[in-house]
Amino acid sequence: MSEKNIDTSKPKQPAKPINRRDFLKSGLRAAAFLSLASITGYSLTKSMSDDLVWQIDPNKCVQCGRCATTCVLNISAVKCMHIYKMCGYCDLCGGYFKPQVKNLDTAAENQLCPTKALKRSFIETPYYQYDVDQELCNGCGKCVKGCGAFGNGSLHLQINHNVCKNCNQCAISAVCPADAIIRIPSRKGYLLKTGFQVPKT
Amino acid sequence: MTKLKYFLATFLLSVIYQLGSAQRFPAPEFESGHIPPETQTIAPRGLGWEYLDVAVLLLALSIMSWFVLKKRSRKGIFWTSIFSILYFGIIRVGCVCSVGSIGNVTLSLFQADYVIPVTMIAFFIIPLIFTILFGRTFCAGVCFMGAVQDLVNIRPVSLPSWVSKPLSVIPYIYLILAVLLAASGADFIICRYDPFIGFFRMNAPLGMLIFGAVILTLGIFVGRPYCRFLCPYGVLLSWMSKISFYHTTITPASCIQCKLCDNSCPIDAINKPVNIHPENSDKGRRRLISLFILLPVFIFLGGFVSSLLYKPLSTIHPTVKLAEEIKWEKENNKKTDSEESKTFHASGMQISQLFTDAGHVQTIFYAGTWLGGSLLGLFFGISLLRTSVVSRQTDYEPNRGSCVSCGKCFKYCPVQKQVAETDSKSGVI
Amino acid sequence: MNKRKKEKLTLTQPEKEIKRRDFLKKSLQAAGFLSLASVAGYFGLRKPTYDHPAKNPYELGLDSIGKITKEKYCDVSASMLKIPFETSKALAVDKDDNIYISGDKSILILSKEGKKITQFDTDITATALAIGDTEIIYAAFENHIATYSLAGELLKRWPSFKKESYITSLVITGTTIFIADAELEQVHEYRTDGTYLRSIGSKNKEQADCFILPSYFFDVAVAPDNRLWAANTGKHKLVSFSSEGKLSTYWGETSAAVEDFCGCCNPSHFAIMHDGSFITAEKGIVRVKKYNSTGKFECAIAGPEHFEASSTGLEIAINSENDILVLEPAVRKIHIFKI
C-alpha cells in the first residue's frame with residue numbers, strides 16, 4: 001500500500017471504508033424491501049381470488065374423538081350437525097340413546113351425549129325430532145358413531161365457522177387418522193353430507 | 001369386531017350417502033304437517049375483528065416507535081406493552097401473532113393451493129417494515145410475548161457470553177426448521193411450541209404449560225429468554241434492524257463514555273467501545289481471504305450435517321409417520337391397534353402407494369435439510385467474516401441486531417437527565 | 001516493499017486476547033450447533049414404540065348393539081337353500097311344503113328339498129304371495145292381486161283397491177283373504193271370490209290398532225284360533241283382531257333389549273307356528289326371534305351374525321313340520337331353521 005499523505009485539506013481517504021459500508025447497507029435495504037414486496041405481492045394475488053376455511057369431510061370421518069380433545073380452543077370448534085333430510089326420526093335413536101337403553105326417555109343415564117347437547121322432542125307417533133345445541137356440543141362424535149351404526153347417519157361432525165379460528169394448521173387435521181379435515185373455499189359454505197350449504201347470513 | 005366396526009362404518013356411510021330408499025330408516029312423512037327444520041349452519045364471524053387487529057398493530061407500532069425514538073420514555077414503552085398484552089394477548093387470546101405468521105407465509109409460498117388471509121400478510125410484513133424504518137420497536141412491547149417477558153424480568157442477571165452466544169444460535173435453527181417443516185406440510189412448530197399461548201388461551205398440553213412456566217420463571221432473572229434464544233421471527237427482525245434507517249440510542253445526544261450504562265441492558269445488547277489497534281492489514285486481509293475460502297466449506301458442512309438428519313425429521317410428517325408404523329407392523333407381524341393404523345387398513349389404500357408417498361416426502365426433506373443446513377453454514381461463515389469488520393466504535397451503542405428497544409437503558413444515561421433538565425428549565429416538556 | 005516488512009507489527013497482548021476470545025466464541029457457537037444437531041438426531045433416530053396407542057376418551061362401545069347372549073338362543077339346526085334371484089320379495093309355502101318365491105319378475109316353485117318344480121314370469125315381481133287350499137296362487141303386485149294356477153296360468157286379475165296401494169302381505173284362511181296394504185295402512189278383508197268385506201285399522205293414533213308404518217313392511221298372519229294378527233311396525237306391536245275386525249289383544253315393547261323391538265319399524269315380518277307361537281324377523285339389527293302365543297319372549301332363532309348386516313325383506317313362512325323358512329334376498333338364500 002502506498003504511503004498515506006496526511007492531508008488535512010482532504011479528509012476523504014478515511015471516509016472510503018464507511019462509504020463502502022453505507023453502500024452495502026443501502027443495497028441490503030433495497031434487497032429487503034424488494035423481497036418483502038414480492039412476498040406481499042405474490043401472497044396478495046392469491047388472497048384476492050379466494051379464502052380458505054377448514055372443513056371435515058363427513059364421509060371420511062371415523063369418529064375417533066380427537067376433534068373434541070385436540071382443537072386449541074377450550075370447547076372445540078367441531079360441532080355435530082344434524083341433516084334432518086336424512087333422519088328417520090326414530091323413537092329409539094342410535095345417536096341419542098346408549099346402546100343398551102332400557103327406557104326411552106330423556107333421563108341422563110340413557111343419553112350418549114356427554115354434554116346433553118342432543119335434544120329429543122316428540123313430533124307425532126312414533127316420530128321424535130333430535131336437535132343439536134351447538135353451544136353445548138363438544139365434537140366428541142359419540143352420537144355420530146351411534147347414528148351411523150344404528151341409524152341413518154344423519155348426524156355428522158363439522159367445523160363451525162363462527163367458532164373456528166382458522167389456524168394456519170388445524171391441530172386436529174394434523175392428528176386426524178382419516179385425513180378428513182381439508183381446506184375448502186369459504187364461499188362454498190359448509191360441507192354437509194347432502195352437499196355444500198351456504199349459511200343464511 | 002373392531003375391524004368389522006370400521007368396515008361397517010365405511011360401508012354404511014357409503015350406502016347411506018344416497019338418500020331415500022338406501023337408508024336404513026326411511027324419512028317419515030308427517031301427518032300432522034310438521035315441517036322438518038333446515039340443518040343449522042351458522043354464518044362465519046365477520047372479519048371486522050381481524051381488520052381491527054391490523055389497525056391496532058399499526059397504531060401500536062407507531063406509538064411505540066414514537067416513544068422509543070422521539071419521546072424516549074420508558075414509561076410510554078411500558079404502558080404500550082401493557083396495552084399490547086391486554087389487546088393482543090387477553091382480548092384476542094394471543095392468536096393471530098406475527099411470530100406464527102411465518103408458518104402462514106411459508107405455506108403461501110410453497111403450497112400452490114393455500115391462500116393466506118390478508119390480515120396474516122399484514123401481521124408478517126408490517127412489523128418488518130417498521131423495523132427497517134425504526135429498529136426493533138415491535139419487540140419493545142407490541143409483541144405481547146416480549147411484553148410478558150419484560151414484565152416478569154424484575155431481577156435481570158447478565159449471562160456470560162459462553163452461555164448466551166451458543167444459545168443465540170437456536171433461533172436460526174428454529175427458523176430454518178420451522179420453514180422446512182411448514183413448507184413440506186409436516187407440522188407448524190412455531191405455533192405448536194409457543195410457550196405463552198397456553199396461558200392466554202387457558203388451554204394447552206401439559207408439557208407446553210410447564211415449558212411456559214419455566215420460561216417465565218427463567219425470565220425473572222434472564223432477560224427475555226424466548227426473544228433472545230428461541231424467537232424465529234426475531235431472526236428476521238434482527239436482519240431488518242441491522243439495516244434500519246433509524247435506531248434507538250442509549251443517549252439522546254452524544255455519548256460521553258461515562259460507562260454508567262455498562263450493565264444496564266437486561267439482555268446484554270449494548271456494544272461497548274472497542275479499544276484495540278486495528279490489526280495489520282496484511283494479516284487481516286489474509287484472514288479475510290481464508291475465511292472467504294472457508295465459506296463454501298462451512299456451507300457444505302452445514303448442509304451435509306443437516307442432511308444426515310433428514311430421515312428422523314421426515315417422520316414428523318404424518319405420511320412418513322404412518323408409513324413407519326405400517327412398516328413396523330409388517331416387520332413384527334402384528335397390528336398396533338392405533339386409530340391411524342385401523343383407519344388406514346379400513347380405507348383399502350395400497351401399502352405400496354403409502355410407501356411411495358412417504359418416499360416422496362423424504363426426498364423433499366433431503367433437499368430441504370441440505371438447503372437449510374447450507375444456509376446455517378452460510379450464516380455461521382458470515383458471522384465469522386464479520387469479525388474482520390473493523391469496529392471503530394467509540395460510543396456505547398445498542399447492538400443493532402439484538403437490541404429490542406425496551407428503553408431500560410435510558411434512565412442510566414446522564415446525558416438523558418441533563419437533556420431533560422435543560423428542557424424543563426427552558427420550559428420544553 | 002521494505003516499508004511493508006518494517007510495518008509488520010507483532011500483535012500486542014490485548015489484541016491477542018481479543019482474537020482468542022472471538023475465536024472461542026465462534027467455536028462455541030459451532031459446538032452449540034453441533035450439540036443441538038446431535039441431540040435432535042438422538043431423539044429423532046430413536047425407534048418409536050407402538051405398544052400403547054392413545055385411547056379415545058369418547059369411545060362408544062358398539063359391540064353390545066344387537067348382541068345376544070348364548071343362553072338366549074334357541075336350540076335350532078340351520079340349513080339353507082340357494083335361490084337364483086337377484087332381488088326376491090315374497091315367500092310362501094303350501095300344504096305340501098312346496099316353496100313359492102317371487103323374484104326378478106317371476107314366481108319360482110321349489111319342492112321341499114329345493115328342487116325346481118316350475119317357474120313362470122309375471123309383469124313385475126310379486127310383493128306378496130299366498131297359496132289357497134284349492135291350489136291357487138294368490139300374488140299381489142303392489143296395488144292389485146292376481147291369481148295363478150300352479151302351472152303358472154293367469155286365472156283372474158282383481159281390480160286394484162287404490163292406485164297408491166302397496167300390498168306387502170297376504171294370508172288366506174278358509175274363504176277369507178286378508179290383504180295388508182302398507183300405503184293405506186290398513187288390512188283389507190275380502191272373500192276369496194272377490195267380495196270386499198271390510199278394512200281393518202283405525203285412524204286414531206292413540207289406539208293400538210292404528211297402524212303406523214314408516215316403511216313398506218307390513219305383515220299379517222292368522223293364528224290357529226283363526227284370529228288375525230298384524231304387525232304395527234311403527235309402534236313395535238303385534239295386534240290381533242276379532243272376526244268382526246275389532247281390536248282384540250296386542251303385545252310388544254320398544255327397547256334395545258333383545259326381548260323387545262327397536263328401530264323405526266319392526267318386526268318387519270312375522271309368522272305364527274302351529275302352536276300359536278310367533279316367529280318375528282327384524283331389520284336394522286337383523287335377527288329372528290321366537291315368542292310364545294301370549295307374546296312373551298322365548299329365545300332367539302338367529303342373531304345378526306347369521307345374516308348380512310343390511311338385509312331387509314326377511315319374509316318368514318312356516319311349513320307343515322313347523323320348520324321356519326326365512327328368505328334373505330340380499331344373499332339369495334332361504335334359511336331353514338328346525339327347532
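Which residues of α4(B) are buried? In this predicted model, the buried residues of that helix are S101(B), I102(B), G103(B), N104(B), V105(B), T106(B), L107(B) and S108(B). In other words, 8 of the 10 residues of α4(B) are buried, and the helix is mostly covered.

A good next stop is the loop that follows. Y114(B) is found in the loop between α4 (101-110) and α5 (118-134) of chain B. Its relative accessible area is 4%, and because buried means under 20%, Y114(B) counts as buried. What does Y114(B) touch, not counting residues up to four places away in sequence? Within chain B, Y114(B) touches N104(B), L107(B) and S108(B), and these three also appear among the buried residues of α4(B). From chain A, the residues touching Y114(B) are K46(A), L52(A), N168(A) and R183(A). For a sense of distance inside chain B, the C-alpha atoms of Y114(B) and S338(B) are separated by 30 Å, with their positions 224 residues apart along the chain.

The contacts of Y114(B) lead on to the meeting of chains A and B. Chain A brings 73 residues to this contact and chain B brings 71 residues. Together the two chains bury an area of about 6300 Å², and carbon and sulfur atoms give 59% of that area. How many salt bridges are counted between chain A and chain B? The count is 1 salt bridge. Side chains of opposite charge can pair when their charged atoms come close. Here the pair is made by E340(B) and R66(A), whose side chains meet with an N to O distance of 2.8 Å.

Looking beyond this interface, the count over all chains comes to 20 salt bridges. One of the residues worth following is D150(B). The side chain of D150(B) meets that of R224(B) in a salt bridge, at 2.8 Å from N to O. This pair links distant parts of the chain: D150(B) is in helix α7 (residues 144-152) of chain B, while R224(B) is in the loop between α12 (206-221) and α13 (225-229) of chain B, 74 residues apart. D150(B) also forms a salt bridge with K408(B), where the closest N and O atoms are 3.2 Å apart. K408(B) lies in the loop between β2 (397-398) and α20 (414-425) of chain B and D150(B) in helix α7, so this pair ties together parts that are 258 residues apart in sequence. Are the partners buried or exposed? Both D150(B) and K408(B) are buried. The relative accessible area of D150(B) is 9%, and R224(B) counts as buried too, at 1% relative accessibility.

Other charged pairs can be found elsewhere. K289(C) forms a salt bridge with E282(C), and the closest N and O atoms of the two are 2.7 Å apart. Both K289(C) and E282(C) are buried. A network of salt bridges links E124(A), E31(B) and K205(C), a set that takes in residues from chains A, B and C.

Chain C also offers two strand residues to look at. T176(C) lies in strand β11 (residues 176-181), and V222(C) is found in strand β14 (residues 220-222). T176(C) is buried, with a relative accessible area of 18%, and V222(C) counts as buried at 18% relative accessibility. Leaving aside neighbours within four places in sequence, T176(C) is in contact with V171(C), E189(C), Y190(C), T192(C) and L197(C). With residues up to four places away not counted, V222(C) touches V171(C), T173(C), F178(C), R227(C) and I272(C). V171(C) thus appears in both lists. Along the chain, V222(C) and A300(C) are 78 residues apart, and 22 Å separates their C-alpha atoms.

The last topic is empty space. Rolling a probe the size of a water molecule over the atoms shows where empty space is left. A search of the whole structure finds 12 cavities of 30 Å³ or more. The largest cavity holds about 140 Å³ of space. Which residues lie nearest its centre? They are G94(A), K98(A), P99(A), F150(A) and I65(C), from a lining of 16 residues. That lining divides into 12 nonpolar, 3 polar and 1 charged.

Methods
Residues are numbered from 1 along each chain as its sequence is written. Chains are lettered from A and ligands numbered from 1 in the order in which they are written. This is a predicted model: local features need pLDDT of at least 70, side-chain atom pairs count only at pLDDT 80 or more; totals for chains, interfaces and linings use all residues. Side-chain values use heavy atoms; hydrogens and water are left out. Helices (H or I, at least four residues) and strands (E, at least two) are DSSP runs, numbered from the N terminus. Buried means under 20% relative accessible area, exposed over 50%, partly exposed in between (1.4 Å probe, protein chains only). Contact means heavy atoms within 4.5 Å. On a 1 Å grid over the protein atoms alone, a cavity is a set of points where a 1.4 Å probe fits but cannot get out, and a pocket is an open set with protein on both sides within 12 Å along at least five of seven lines; lining residues have an atom within 4 Å of a point. Grid points are joined across faces, edges and corners, and a volume is the space filled by probe spheres set on the points. Ala, Val, Leu, Ile, Met, Phe, Trp, Tyr, Cys and Pro count as nonpolar, Asp, Glu, Lys and Arg as charged, and the others, Gly among them, as polar. Buried area is the accessible area (1.4 Å probe) that two parts lose on being put together, summed over both. A salt bridge is a side-chain nitrogen of Lys or Arg within 4 Å of a carboxyl oxygen of Asp or Glu.
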